[in-house]
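Reader: I spend my days at the bench and seldom look at structures. Could you show me how to read one, feature by feature?

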Amino acid sequence: ILAIAVASTACGQLFKNILGSPTEPSNPTDVRSYLGTWTGTSSAAPVAQSCGALSWKITSQTGGQASGEFSATCADGVKLTGTMTATHGETSIPWAATGTATKGTATCPFSMTGTGTFQGTSNILLNYAGTSCNGPVSGSDTIKR
């Protein structure tokens with residue numbers, strides 16, 4: 001009886017491997033890695049009340065959280081630098097960034113929040129809204145690793 005039980009378990013696993021979905025993770029506890037530098041794909045200058053060249057440098061990922069450095073260039077030459085955190089999921093990535101906005105010699109705090117959506121395996125479409133030295137900003141950018 002024990003031999004039959006072992007054999008049926010092995011056969012069941014074999015059929016699962018052969019017939020299983022190709023998108024099914026091999027281990028349900030596998031988590032997509034966000035570690036590394038993700039850089040905006042847009043080379044155009046940002047238009048009024050928007051930012052471009054968004055960049056995430058993910059240096060830490062634990063459980064459902066990723067964090068690291070954030071930067072962006074906004075309209076009128078406003079540069080954003082700071083930190084970001086994201087809660088990662090299978091399709092949606094809520095995120096937030098805070099830090100310092102610099103325009104010439106003037107600085108002010110900035111904050112930005114948004115949602116990222118995976119586009120394939122190495123692109124994330126970021127939608128965002130926040131405030132900087134020039135007031136409110138909003139828009140989208142695609143970052144790529």
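Author: Happily! Keep in mind that this is a predicted model. Let's start from a single residue, Ser132, which lies in strand S7.

Reader: Is Ser132 buried or exposed?

Author: The way to judge is by relative accessibility, where under 20% means buried. Ser132 has 11% relative accessibility, so it counts as buried.

Reader: Which residues is Ser132 in contact with, leaving aside its neighbours within four places in sequence?

Author: They are Val78, Leu80, Ala101, Cys108, Phe110 and Val137. Let's follow one of them, Leu80. With its own neighbours within four places set aside, Leu80 is in contact with Cys51, Phe70, Ser71, Ala72, Cys74, Thr100, Ala101, Phe110, Met112 and Ser132.

Reader: What about the largest nonpolar core: which residues touch the most other members?

Author: Leu80 appears again here, together with Trp56, Phe70 and Trp95, in a core of 27 residues. Two or more core residues come from each of strand S2 (51–62), strand S3 (65–74), strand S4 (78–87), strand S5 (92–103), strand S6 (106–119), strand S7 (123–132) and strand S8 (135–144).

Reader: Now the strands themselves. In what order do they close into a barrel?

Author: First the general idea: strands of a sheet pair through backbone hydrogen bonds, either parallel or antiparallel. In this model eight strands close into a barrel, ordered S1-S2-S3-S4-S5-S6-S7-S8, with antiparallel pairing. On average, neighbouring strands of this sheet are turned by 25° against each other, direction ignored.

Reader: Over how many bridges do S5 and S6 pair?

Author: Their antiparallel pairing runs over twelve bridges. To find your place along that pair, look for Ser92, which stands opposite Thr117 in S6.

Reader: How should I read S2 and S3?

Author: In the same way: find the pairing, then a pair of partners, then the turn. S2 and S3 are antiparallel over nine bridges, and Lys57 has Glu69 in S3 as its bridge partner. Two residues separate the strands of this hairpin, and Gly63 takes a positive phi near 55° there.

Reader: Let me try S3 and S4. Which residue in the turn has a positive phi?

Author: Asp76, with a phi of about 65°, in a hairpin that has three residues between S3 and S4. The two strands pair in the antiparallel sense over ten bridges. Phe70, which you met among the core residues that touch the most other members, stands opposite Gly82 in S4.

Methods. Residues numbered from 1 in each chain as written. Predicted model: local features only at pLDDT ≥ 70, side-chain atom pairs only at ≥ 80, totals over all residues. Heavy atoms only, no water. Core = buried A, V, L, I, M, F, W, Y, C linked by side-chain atoms within 4.5 Å. Buried < 20%, exposed > 50% of the residue type's maximum accessible area, 1.4 Å probe, protein only. Helix = DSSP H or I, 4+ residues; strand = E, 2+ residues; numbered from the N terminus. Contact = heavy atoms within 4.5 Å. Pairing = 2+ DSSP bridges. Axes fitted to C-alpha atoms, helices over the stretch in contact; angles between N-to-C directions.
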